[in-house]
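Colleague: I'm new to this one, so could you take me through a single part of it up close? I'd like to hear about the aromatic rings and how they pair up, with a bit of background on the chain to begin with.

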Amino acid sequence: MKFIIYLSLLLGFHANGFQLQGDQPSILDNWAKKTTDSHKMASINAAFAFRFYKHIAADVADRNVFFSPVGLSTAFAMLALGAESETKSHIYKGLGFNLSEFEESEIQKGFQHLLHNRPYIKPNETIWTEAEVKIGNALFIEESLKVLPKFSEDIKKRYDAEVLYCNFDNSTAALKQMNDYVHNKTDGEIARVVEGLEPKTTLVFLNFITFTAEWKLAFDTASIREEDFFVNESKTVKVNLMHQESYYKFLHDEVLSCWVVEIPFRGDGIAETYKGDSIVALFILPDEGKLKHLEGALTEEKCTTDVLFKNISSLHLYIPKFSISASYDVKDVFQGMGMTDAFNDRADLSGITGEHNLKAPKVIHHAVLHLRESGTETSVVTTVWSKKTFPPVSPPPTLKFNRTFLMVIVELETNNFVFMAKVVDPTEG
């Protein structure tokens with residue numbers, strides 16, 4: 001069965017340099033401490049991920065959280081190409097960029113590099129080949145309007161975005177056109193992304209991501225056991241816990257009061273034995289009663305540890321088999337993060353059509369995650385991972401993710417936070 005994540009971001013329009021505070025970085029920011037342009041971009045995107053998480057988690061304290069930092073930032077960076085004056089600066093500010101410190105061309109080149117220069121990329125496609133991430137962008141515009149050639153060329157060059165004209169007066173046909181487009185582009189993984197349109201809609205941005213991957217070392221189906229998952233002090237639910245005794249990179253962070261385990265996804269077939277990992281999932285389990293402490297340290301950027309995964313050790317690992325989904329109207333969130341002018345009557349998006357009546361975007365962020373024992377849709381599990389191991393001198397420790405935990409999926413080469421999740425109740429669905 002498949003480890004699938006898909007995300008869609010809808011922006012509908014209607015006519016009417018980051019650095020952690022403290023002396024040392026957090027373990028989640030170790031991937032963002034390189035000096036190249038792409039890693040500077042990753043550092044800012046990591047900060048954006050933490051800030052967005054802070055706002056969402058505050059609103060849904062007792063609910064699952066799941067979103068794609070790269071999906072959100074990519075969509076709004078594309079939108080910024082069509083913004084002018086203060087609207088442009090407010091969009092970049094919301095993403096974490098100060099235009100007095102960064103040239104817009106530098107920011108856009110950074111996003112272009114992020115999308116087109118990942119490892120194992122296929123020519124002319126925004127895609128990883130194993131641990132497969134597909135990112136798609138499209139602009140649907142009222143057929144009576146015309147997109148400026150420069151904007152059309154820019155979003156095509158930088159984001160592989162298509163411009164498609166449709167008749168929004170016929171909302172049924174427009175919905176079908178958009179949903180069919182995403183359905184076809186994702187090979188049916190995203191069946192329906194747009195549920196309805198508001199009156200006078202003239203422009204819709206679509207950004208969608210699918211992620212399909214196999215664990216590098218699959219969990220044994222026969223080892224799955226139903227056990228208690230502690231949602232809070234008064235609520236317990238039954239979940240299927242997957243078990244694996246193997247060698248993992250893991251550590252306990254005394255400052256953050258949490259355990260962190262790195263679980264890699266498979267690379268390119270037989271060659272994966274001889275190269276480093278490309279994409280990994282970080283499972284983060286706060287110590288008992290330390291969830292708020294962990295969230296505060298992450299979102300307030302007060303982490304002070306510089307501990308790296310230095311060793312691979314034997315571990316009894318238990319994680320739940322589950323599916324979660326989340327959908328957010330993120331307008332209020334982005335306004336709280338400084339992106340105000342893009343959402344009010346002062347919005348200037350004239351760089352898209354040359355007209356000044358495109359404003360007040362509606363932003364819907366939708367994500368789904370399916371976590372399974374093998375990580376793939378098929379029931380056949382093939383593992384070619386081999387490492388020289390040594391008998392442990394003592395029984396391996398046990399780490400059981402049977403209470404609220406965080407998960408971050410990181411692309412290691414670009415240091416990019418692809419997805420971020422907080423799992424409060426695995427049975428929410």
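Modeller: Sure. This is a predicted model, and its chain has nine helices and 14 strands. Of the 429 residues in the chain, 57% are buried. The accessible surface comes to about 18,100 Å², and carbon and sulfur atoms account for 48% of that.

Now for the rings. The count comes to 21 aromatic pairs. Take Phe-140 and Tyr-181: their ring centres are 5.6 Å apart, with 85° between the planes, an edge-to-face pair. This pair links distant parts of the chain, as Phe-140 belongs to strand E3 (residues 132–142) and Tyr-181 to helix H6 (residues 171–185), 41 residues apart. Are these two buried or exposed? Both Phe-140 and Tyr-181 are buried.

Next, have a look at Trp-215 and Phe-283. Their ring centres lie 6.4 Å apart and the planes meet at 55°, so this pair is tilted. Here, too, distant parts of the chain are linked: Trp-215 is in the loop between strand E5 (201–213) and strand E6 (225–230), while Phe-283 is in strand E9 (residues 279–286), 68 residues away. Trp-215 has 2% relative accessibility, so it counts as buried, the cut-off being under 20%. Phe-283 is buried as well, at 0% relative accessible area.

Which residues do ring pairs join to these two in a cluster? Besides Trp-215 and Phe-283, the cluster takes in Phe-219, Phe-229, Phe-265, Phe-322, Phe-401 and Phe-405.

Rings also turn up with charges over them. Lys-146 has its charged end over the ring of Tyr-165, 4.7 Å from the ring centre. Likewise, Lys-400 lies over the face of Tyr-318, at 4.8 Å from the centre of that ring.

One last stop, away from the rings: the largest pocket. This pocket holds about 730 Å³ of space, and 30 residues line it. Nearest its centre are Val-231, Leu-291, Lys-292, Thr-404 and Lys-422. Helix H1 (37–59) and helix H7 (291–299) each supply at least two residues of the lining, with H7 giving the most, five residues. Sorted by class, the lining has 15 charged, nine nonpolar and six polar residues.

Note on methods. Residues are numbered from 1 along each chain as its sequence is written. This is a predicted model: local features need pLDDT of at least 70, side-chain atom pairs count only at pLDDT 80 or more; totals for chains, interfaces and linings use all residues. Side-chain values use heavy atoms; hydrogens and water are left out. Helices (H or I, at least four residues) and strands (E, at least two) are DSSP runs, numbered from the N terminus. Buried means under 20% relative accessible area, exposed over 50%, partly exposed in between (1.4 Å probe, protein chains only). Accessible areas come from the Shrake-Rupley method with a 1.4 Å probe; for residues, only the protein chains shown count as cover. On a 1 Å grid over the protein atoms alone, a cavity is a set of points where a 1.4 Å probe fits but cannot get out, and a pocket is an open set with protein on both sides within 12 Å along at least five of seven lines; lining residues have an atom within 4 Å of a point. Grid points are joined across faces, edges and corners, and a volume is the space filled by probe spheres set on the points. Ala, Val, Leu, Ile, Met, Phe, Trp, Tyr, Cys and Pro count as nonpolar, Asp, Glu, Lys and Arg as charged, and the others, Gly among them, as polar. Rings of Phe, Tyr and Trp (its six-membered ring) pair if their centres lie within 6.5 Å; planes under 30 degrees apart count as stacked, over 60 as edge-to-face and the rest as tilted. A charge sits over a ring if NZ of Lys or CZ of Arg is within 6 Å of the ring centre and within 35 degrees of the ring normal.
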